[in-house]
Amino acid sequence: MGTTGPAAKSFHVTTFGCQMNEHDSERMKGMLSALGYSEAPSREGADLILFNTCSIRENADSRFIAHLGEAKRLKGEQPDIVVGVGGCWAQSVKDEVFDRFPFVDVAFGPGQIHKLAEFLTSDSISAQGYFEFEDFAGHLPARRARPFQAWVQISQGCNCACSYCIVPSTRGRESSRRSGEILEEVRGLAAEGVREVTLLGQNVNSYGRDLRGEEKRTFAELLRAVDAVDGIDRIRYTSPHPKDMKEDVVLAHAECPAVCEHIHLPLQSGSSRVLKAMRRTYDRERYLDRVALIREHLPDAALTTDIIVGFPGETDADFEETLEVVEEVGYDGAFTFVFSPRRGTEAAALEQRVPHPLKKERMERLVEAVQRRARERSQRFVGRTLNVLVEGPSRTDPARLRGRSRHNKAVNFEGTAAAGEIVAVEIASATSQTLMGSERLLSRAR
Ligand code: SAH
Ligand code: SF4
Ligand code: F3S
């Protein structure tokens, strides 16, 4: 599909935010290709300039607004180009976007990608905004970055009420995609040569609770069904919520050959008092119980997490508890964030803000602990041979290759394999983030 003749119009998409947005952008690109648009290498010269935005923290907003300035300049020089803004930031400000940025022609929320096509194919000359929450856009064709890896959306929205988080208001109520549709998509991807799928949702392990009848499946059952699809060698997912991390999911990891040995289990804080104020619905003990369950069945699995420092009212003692959990669990990696008040959230109205220098100091101590533990944990791979899915040449040294282990560690290695192959790599050394080694040429892995 798609025409690429000289008259074809071109688009340029800039994506901010999480994998959910990356995947939505792939689908925007797929849809635009189907409409006959081609992808422009830069914003300069594109007929359609799109931004897929994020609003999770304040710096996500400001980064995007700096980019929007360039679109304004280009539109000033060439008024017939179309500027579109989609995603979570657009959803969170809705029609205000047109007052603040009058050069924007179309704005749409995360559930409204398909409306972009409607806008582009209509004769509409006035600015349009689309902000309803609707059904899945899962049927839209995706333009994937790599032929052997794919994202698969299994749910949308979030029913949690974490007091710091803007996502429930930008992505709406949680709804699970029909399992038959998901499996059909996965089978189609496998037939196209995809070996690794990442199942996407805000809270993947609450998947299926809203489904009825034959389509009803729990998340663990879905993992087993995807595992049974021929040709899928690796299954990942993001993000699970600790409250829903039950034994059935852990057993699916232990028993399904394709489900990877990596679990991302967002902690947010190690203090039960702060967790309560965050409305996370688990406390420190429950979280550590989940970790013990995982370690019991999957002793070698990598565990990663998300942590927020400087939540309003976080005391030195609360922060020490977070450090204790970090020391005790020994994460293989963590994303660490400084609390950022978000419009419309409960936590944004809380007093007892933690002063900036204190947040900074806590962050430094946290990062030190996370990295030290991750470096220690990494050493268990030295001397072992791991299966690595090759992604391409190394970014720092094009003579070497780069890929990922099933534990989701980046692996930098000497070898001759092509992108998309899974090869055995003997690990010689390890830092907190990366493993280094060389391909074992005589033992091609599956
Ligand atoms: N649904 C997923 C991802 C949410 S966003 C989940 O629950 O795990 C990813 C991370 O951003 C969160 O886990 C949290 O650590 C961080 N985050 C969200 N809102 C934030 C805020 N207002 N300030 C700082 N960090 C935030
Ligand atoms: Fe936000 Fe909490 Fe939902 Fe994650 S689970 S998206 S942190 S409200
Ligand atoms: Fe950002 Fe929306 Fe994802 S706020 S992190 S793009 S769900």
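How is the protein divided into domains? I looked this up before anything else. The model is predicted. Its division is into domain 1, residues 106-379, and domain 2, residues 382-444.

**Entry: the domain pair**

I took the C-alpha centres of domain 1 and domain 2 and found them 26 Å apart. I then looked at the contact between the two. On the domain 1 side 23 residues take part, and they meet 23 residues of domain 2. The buried area between the domains comes to about 1800 Å². Carbon and sulfur atoms give 43% of that area. In domain 1, I noted Phe148, Arg234 and Ser378 as the residues that lose the most area to domain 2. Together these three make up 31% of what the domain 1 side buries.

Next I looked for polar links across the boundary. I counted three salt bridges between domain 1 and domain 2. Glu261 and Arg406 form a salt bridge, with their closest N and O atoms 2.7 Å apart. Polar contacts between the domains number 15 residue pairs, with both residues at pLDDT 80 or more.

Which elements of domain 1 each supply at least two residues to the side that touches domain 2? I found strand S11 (234-238) and helix H13 (356-378). H13 gives the most, with four residues. I also sorted this side of domain 1 by class: eight residues are nonpolar, five are polar and ten are charged.

**Entry: salt bridges overall**

I searched the whole structure and got 42 salt bridges. I picked out Arg27 with Asp24, whose side chains meet at 2.8 Å, N to O. Both residues lie in helix H1, residues 19-34. They are three residues apart, about one turn of the helix.

**Entry: ligand 1**

I listed the surroundings of ligand 1 and counted 14 residues. The closest are Tyr164, Gln202, Gln268, Asp306 and Ser340. I then checked polar atoms. Arg57 places a polar side-chain atom 3.1 Å from an oxygen atom of the ligand. Tyr164 has a backbone N or O atom 3.0 Å from a nitrogen atom of ligand 1. For Gln202 a backbone N or O atom lies 2.9 Å from a nitrogen atom of ligand 1.

**Entry: ligands 2 and 3**

Which residues lie around ligand 2? I found Cys158, Cys160, Cys162, Tyr164, Cys165, Val167, Pro168, Gln202, His241 and Arg280. By class, this shell has seven nonpolar residues, two polar and one charged.

I did the same for ligand 3. Around it are Cys18, Asn21, Cys54, Ser55, Ile56, Cys88, Val167, Arg171 and Gln202. This shell splits into five nonpolar, three polar and one charged. I noted that Val167 and Gln202 appear in the lists for both ligand 2 and ligand 3. Gln202 is also among the closest residues to ligand 1. Tyr164 is listed around ligand 2, and ligand 1 has Tyr164 among its closest residues too.

**Entry: backbone oddities**

Most residues other than glycine have a negative phi, and most peptide bonds are trans. I looked for exceptions to both. The peptide bond joining Thr238 and Ser239 is cis, with omega about -10°. Ser239 lies in the loop between S11 and helix H9 (247-255).

Where does Thr281 lie? I placed Thr281 in the loop between helix H10 (272-278) and helix H11 (284-297). Thr281 is not a glycine, yet its phi is positive, about 70°.

Key: Residues are numbered from 1 along each chain as its sequence is written. Chains are lettered from A and ligands numbered from 1 in the order in which they are written. Side-chain values use heavy atoms; hydrogens and water are left out. A residue is near a molecule or strand if one of its heavy atoms lies within 4 Å of it. Ala, Val, Leu, Ile, Met, Phe, Trp, Tyr, Cys and Pro count as nonpolar, Asp, Glu, Lys and Arg as charged, and the others, Gly among them, as polar. Domain bounds come from an automatic or database domain assignment. Contact means heavy atoms within 4.5 Å. Buried area is the accessible area (1.4 Å probe) that two parts lose on being put together, summed over both. A salt bridge is a side-chain nitrogen of Lys or Arg within 4 Å of a carboxyl oxygen of Asp or Glu. A polar contact is a pair of N or O atoms within 3.5 Å; within protein, one must be able to donate a hydrogen and the other to accept it, and residues adjacent in sequence count only if both atoms are side-chain atoms.
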